[in-house]
Amino acid sequence: MGWGTLFQTIHVDDSVWTIEDGCLLDIVLSKSNTFKQDEIWESLMEDGSYKPDPLVFHEMRKKLDLERFQLENPGFDFSQAKLQKCYDKPPV
């Protein structure tokens with residue numbers, strides 16, 4: 001019996017898993033180039049299962065935007081920046 005299909009493809013050789021404190025499974029998946037590296041998966045599996053908590057998802061999107069701003073504007077310090085973007089509404 002399989003676990004299902006991941007949301008998108010990954011680089012298996014660059015992905016790792018560890019067990020912490022004997023009970024916590026920590027998995028790091030390296031996204032393949034077929035999916036934009038700066039996009040967040042809406043769920044772990046393609047069937048929509050294992051979705052992040054809405055607040056966590058919101059914070060992940062903000063973090064990626066700040067990282068993108070930093071890459072697009074080298075020399076600027078965005079470490080204290082706070083985004084006021086409304087991520088919950090679809091773009092107009």
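Biologist: Let's start with E67: why is E67 called partly exposed?

Modeller: E67 has a relative accessible area of 37%. Buried needs a value under 20% and exposed needs one over 50%, with partly exposed in between, so E67 gets the middle label with its 37%. Keep in mind that this is a predicted model.

Biologist: What makes E67 and K63 a salt bridge?

Modeller: The N to O distance between their side chains is 3.4 Å. The cut-off is within 4 Å for a Lys or Arg nitrogen and an Asp or Glu carboxyl oxygen, so the pair qualifies at 3.4 Å. Both residues lie in helix 1, four residues apart, about one turn of the helix.

Biologist: And K63, is that buried or exposed?

Modeller: K63 counts as exposed, at 53% relative accessibility. The label needs a value over 50%, so K63 earns it.

Biologist: How many salt bridges does the structure hold?

Modeller: Three. Another one joins K62 and E59, with 3.3 Å from N to O. That is within 4 Å, so the term applies here too.

Biologist: Where do K62 and E59 sit relative to each other?

Modeller: They are three residues apart in helix 1, which covers residues 54–72, so about one helical turn separates them. E59 is partly exposed, with 38% relative accessibility.

Biologist: How do you know that D65 and R68 form a salt bridge?

Modeller: Their closest N and O atoms are 2.6 Å apart, and the limit is 4 Å, so the pair passes. D65 and R68 also share helix 1, three residues apart, about one turn.

Biologist: Why is D65 called buried?

Modeller: D65 has a relative accessible area of 7%, and buried means under 20%, so the word fits. Its partner R68 comes out at 29% and is partly exposed.

Biologist: On to the rings. What did a search of the whole structure find in the way of aromatic pairs?

Modeller: One pair. F7 and W41 form it, 6.0 Å centre to centre with 40 degrees between the planes.

Biologist: Why is the F7 and W41 pair called tilted?

Modeller: The centres must lie within 6.5 Å, and 6.0 Å meets that. Stacked would need planes under 30 degrees apart and edge-to-face over 60, so 40 degrees leaves tilted.

Biologist: Which parts does the pair tie together?

Modeller: F7 lies in the segment before strand 1 (10–20), and W41 in the loop between strand 2 (24–31) and helix 1, so the pair links parts 34 residues apart in sequence. W41 is buried at 11% relative accessible area, whereas F7 is partly exposed at 24%.

Biologist: How do you know that strand 1 and strand 2 pair?

Modeller: Pairing needs at least two bridges, and these strands have seven, so they count as paired, in the antiparallel sense. For one of the bridges, the partner of E20 is L24 in strand 2. The two strands make a hairpin with three residues between them, and D21 in the turn has a positive phi of about 55 degrees.

Biologist: What pattern does the protein chain follow along the sequence?

Modeller: The pattern is β-β-α, with one helix and two strands in the chain. Of its 92 residues, 16% count as buried. The chain exposes about 7,900 Å², with carbon and sulfur atoms supplying 58% of that area.

Terms used:
Residues are numbered from 1 along each chain as its sequence is written. This is a predicted model: local features need pLDDT of at least 70, side-chain atom pairs count only at pLDDT 80 or more; totals for chains, interfaces and linings use all residues. Side-chain values use heavy atoms; hydrogens and water are left out. Buried means under 20% relative accessible area, exposed over 50%, partly exposed in between (1.4 Å probe, protein chains only). Accessible areas come from the Shrake-Rupley method with a 1.4 Å probe; for residues, only the protein chains shown count as cover.
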